[in-house]
Amino acid sequence: MTDSVAISSHDPAAPPRLDADDTARNRLVIGILVVSTFVVVLNETVMSVALPTLMVDLGITAATAQWLTTGFLLTMAVVIPVTGYLMQRFHTRPIYLLAMSLFTAGTLLAALAPGFGVLLLARVVQASGTAIMIPLLMTTAMSLVPAHSRGRTMGTISVVIAVAPAIGPTISGLVLSVLSWRFMFVVVLPVAVVALVVGAKKMVDVTTPREVDLDVPSVVLSALGFGGLVYGLSALGEGASEGQAVDPALPAGVGVVALVLFVVRQVRLARTGSPLLDLRTFATKNFTFSIVLIALASLVLFGSLVLLPIYTQNVLGLGTLETGLLLLPGGLAMGLLSPVVGRLYDALGPRPLVPVGATLISVALWLMSLLLHEDTSIAMIVVVHVLLNIGLSFTFTPLFSASLGSLEPALYSHGSAVLNTVQQVMGAVGTALFITVMAAAEHTAAAGGAGERATTAAGVHLAFLVGASISLVGVAASLLVRRPETDESAPLPMAH
């Protein structure tokens, strides 16, 4: 591999060089995108503790209810790879309005849904908007923010992308403790409407689109590949019931084959300059190392998000509200630290930060594998969970900056699409891995005569043990990430 991609910074797809007079406009655009993205990303995990309530209210099984989360992730995995094309072909403002309109319409539909079918459709519409918004935020930030202060901006973006999913269960637990499940959407709807109205009035175009072709076979292969893989892994994570019509291995296998064909086609199309997802991003070693670490961190984040509520409710006997509150300090710690880590990144680069984060993640996972049993104190769980989230904050923020900052500007949109696709896929991998390992350990413990609480505790123990072992790879890989070379085509410094 080479250290940089041989693409001219004068490529028409590259973001234009901006004058210092555009500072106020840039801040307004990024501010609108940050607030909007936080709102849409929050909905990714808001359903996690609401499923039991929905099963009773809608008269559906657990396997059916899980589709409200799986369908969201599946839609994200299918739509995100297309965003690289959208952000090259269209102006910023219409893309933003499309994303927020989809999310707002989906939220309203969910609040009014008369049954499961409409609610599932609403989640798909919500996810379509979310899938566009996240890469739009990252690409716009990379285009407008100068290299020397990107860490600070990425620290804010980390709050959106990593913290919002972490506090989603807390918010839903609080809402469900006093109101019906519909209010999870009713509460969000006014915020989404305000963001849409403000964006319609204030959002301006900050990039120059160019004529690019949309390769339809690539779109089909992408949908089959990423969609099949996420569906198969999610179904595996849910635990296949005896009556399940499709073996999760089938869609996962189709996904793998489609992804291989997708990669081959993108490499071929790169020679003509019109791939759906430009994989020349991986020719930059720093981008590749950073993406590997982002993948591992996403696996840990989503795996722990699904496993800890199971442990606290099925082993410790806590309710949804108590579980949400227990997870809140960790989410707050990540939110408070991410901007600080961003400033440290601007001053020091990733090398002093990423190894610290990877080590803290590993330590937290090893502690969870050793300390989580039938009688673990809540205080201990909170402390270890906070430690895990501190490690994640020291990891995500520098890696977002280092990965995208290592690319030529012409590849920003493709890099953000790759990054966010990897996050979604690895979220599904983490969920499937942790749940599958837990189920296997539960089966072994139950065969040995252990009680229900003991079997679940044994399953959680082994799942975190596997996660801790994987985290050692992240610790080693964290030593390979470097500060990107200063991008000479970056915008002029913004006033502070």
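Buried means under 20% relative accessible area, and exposed means over 50%, with partly exposed in between. The model used in these exercises is predicted.

**Exercise 1. Two threonines and a valine**

Task: Decide whether threonine 153 is buried or exposed.

Solution:
- Start with the location. Threonine 153 sits in helix H8, residues 150–176.
- Take its relative accessible area, which is 16%.
- Compare with the cut-off of under 20% for buried. Threonine 153 is therefore buried.
- Look for its partners. Setting aside neighbours within four places in sequence, threonine 153 is in contact with Ile30, Ala141 and Val145.

Task: Find which class, by relative accessible area, threonine 139 falls into.

Solution:
- Threonine 139 belongs to helix H7.
- Its relative accessible area is 10%, so threonine 139 is buried.
- Beyond neighbours within four places in sequence, threonine 139 is in contact with Met87, Tyr412, Ser413 and Ser416.

Task: Do the same for valine 356, and state which class it falls into.

Solution:
- Valine 356 is part of helix H15, residues 354–371.
- The relative accessible area of valine 356 is 37%.
- That value lies between the cut-offs of 20% and 50%, so valine 356 is partly exposed.
- Now look along the chain. Valine 356 and valine 475 are 119 residues apart in sequence, yet their C-alpha atoms are 8.6 Å apart in space.

**Exercise 2. Helix lengths**

Task: Check what span helix H7 should have, and what its end C-alpha atoms show.

Solution:
- H7 covers residues 116–144, which is 29 residues.
- At 1.5 Å a residue, the expected span is 42 Å.
- The end C-alpha atoms of H7 are 42 Å apart, so the two values agree.
- Add the surroundings. In H7, 23 of the 29 residues are buried, so the rest of the structure largely encloses this helix.

Task: Repeat the check for H15, and say what covers its buried residues.

Solution:
- The 18 residues of H15 should span 26 Å at 1.5 Å a residue.
- Its end C-alpha atoms are 25 Å apart, which agrees.
- Buried residues of H15 include Val354, Pro355, Gly357, Ala358 and Ile361. Ser362, Ala364, Leu365, Met368 and Ser369 are also among them.
- The cover over these buried residues includes helix H13 (285–314), helix H16 (378–405) and helix H18 (452–477).

**Exercise 3. Helix pairs**

Two packed helices are described by the angle between their axes and the distance between the axes.

Task: Describe how H6 and H7 pack.

Solution:
- Helix H6 spans residues 92–112. H6 and H7 pack at about 155 degrees, with axes 7 Å apart.
- An angle over 145 degrees counts as roughly antiparallel, so H6 is roughly antiparallel to H7.
- H6 passes H7 in a left-handed crossing.
- The residues of this contact divide into 17 nonpolar, eight polar and no charged.

Task: Describe how H13 and H14 pack.

Solution:
- Helix H14 runs over residues 320–348. H13 and H14 pack at about 130 degrees, with axes 10 Å apart.
- H13 and H14 are therefore oblique to each other.
- Their crossing is right-handed.
- In H13, Leu308, Pro309, Thr312 and Gln313 meet Thr320, Thr323, Leu326 and Leu327 of H14.
- The contact residues are four nonpolar, four polar and no charged.

**Exercise 4. The whole chain**

Task: State how many helices and strands the chain has, and what share of its residues is buried.

Solution:
- The chain has 18 helices and zero strands.
- Of its 496 residues, 56% are buried.
- Turn to contacts between residues at least 6 apart in sequence. Of these, 86% join residues at least 24 apart.

Methods: Residues numbered from 1 in each chain as written. Predicted model: local features only at pLDDT ≥ 70, side-chain atom pairs only at ≥ 80, totals over all residues. Heavy atoms only, no water. Helix = DSSP H or I, 4+ residues; strand = E, 2+ residues; numbered from the N terminus. Expected span 1.5 Å × (residues − 1). Buried < 20%, exposed > 50% of the residue type's maximum accessible area, 1.4 Å probe, protein only. Axes fitted to C-alpha atoms, helices over the stretch in contact; angles between N-to-C directions. Parallel < 35°, antiparallel > 145°, perpendicular 65-115°, else oblique. Left-handed = near helix turned anticlockwise from the far one by under 90°. Nonpolar A, V, L, I, M, F, W, Y, C, P; charged D, E, K, R; others polar. Contact = heavy atoms within 4.5 Å.
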